[in-house]
Amino acid sequence: MPVHNVELIIADSSFYICFLEDIQKPTHLLKMLNKFSFLIGPIVLNEVSKCTNYGYIKEAEGITRLASFNFGEILSPFFSKDQIKKGEAEVIALAYIQYESGMIHKFILDDGAARKIVCKNFRNLSKIMTGTIGFIADCHCDFSIFSKAVALTLLNEIKCSTFFVEYRVLSSVMGRIEGC
């Protein structure tokens with residue numbers, strides 16, 4: 001298990017891809033990887049390793065890579081086979097295992113359908129669930145990793161990128177950052 005840092009984070013592939021591809025800010029991702037311990041399963045790692053900028057984080061000490069095991073299969077009653085292949089089920093299963101062990105701090109999940117499954121079936125997990133932009137706000141407001149200006153700039157870059165986020169969510173998170 002991760003020993004690099006105190007706080008364990010499990011994130012979906014869209015979190016990593018947002019920084020590596022969508023907004024091309026791998027150094028900002030590295031700041032987070034250096035602050036926390038990230039646990040990454042084989043499906044998410046496979047998706048992330050295809051990114052052009054993966055080399056920036058390939059050797060990051062803040063990431064613990066898990067051996068090849070289909071963690072998402074645990075949740076097969078909740079997901080289709082295609083959804084399990086995408087990685088959201090893997091992230092939820094890992095978060096659940098770590099939550100029950102008392103080891104997880106947050107887990108980052110952006111897919112709306114997967115978030116609904118968590119809220120409906122894993123209520124305890126929903127308390128520690130956030131999305132990529134919510135985690136950026138946490139990195140400013142709670143952990144002082146990013147300045148207000150940097151956090152807002154990241155959100156504006158995400159708004160102009162291919163990363164999908166609802167305007168009302170983005171506006172709310174920007175308001176939170178402004179208030180910190």
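Start by selecting Asp138 in this predicted model. Asp138 is buried, at a relative accessible area of 4%. Show its side chain together with that of Arg176: the two form a salt bridge, with 2.8 Å from N to O. The contact joins distant parts of the chain, since Asp138 belongs to helix α8 and Arg176 to helix α10 (residues 167-179), 38 residues apart.

Keep Asp138 displayed and add Lys106. These side chains also meet in a salt bridge, at 3.3 Å from N to O. Here strand β4 (residues 104-108), which holds Lys106, is linked to helix α8 (residues 132-141), which holds Asp138; the two residues are 32 apart in the chain. Is Lys106 buried or exposed? Lys106 has 17% relative accessibility and therefore counts as buried, because the cut-off for buried is under 20%.

Return to Arg176. Its relative accessibility is 33%, so Arg176 counts as partly exposed. Now select Asp142, whose side chain forms a salt bridge with Arg176 at 3.3 Å, N to O. Asp142 sits in the loop between α8 and α9 (148-159) while Arg176 is in helix α10, so this pair ties together parts that lie 34 residues apart in sequence. Asp142, at 46% relative accessibility, is likewise classed as partly exposed.

Finally, display Lys106, Asp138, Asp142 and Arg176 together: salt bridges link them in a network. To place this network in context, colour the charged side chains throughout the model; a search of the whole structure finds five salt bridges, including Lys106 with Asp138, Arg176 with Asp138 and Asp142 with Arg176.

Definitions and conventions:
Residues numbered from 1 in each chain as written. Predicted model: local features only at pLDDT ≥ 70, side-chain atom pairs only at ≥ 80, totals over all residues. Heavy atoms only, no water. Salt bridge = Lys/Arg side-chain N within 4 Å of Asp/Glu carboxyl O. Helix = DSSP H or I, 4+ residues; strand = E, 2+ residues; numbered from the N terminus. Buried < 20%, exposed > 50% of the residue type's maximum accessible area, 1.4 Å probe, protein only.
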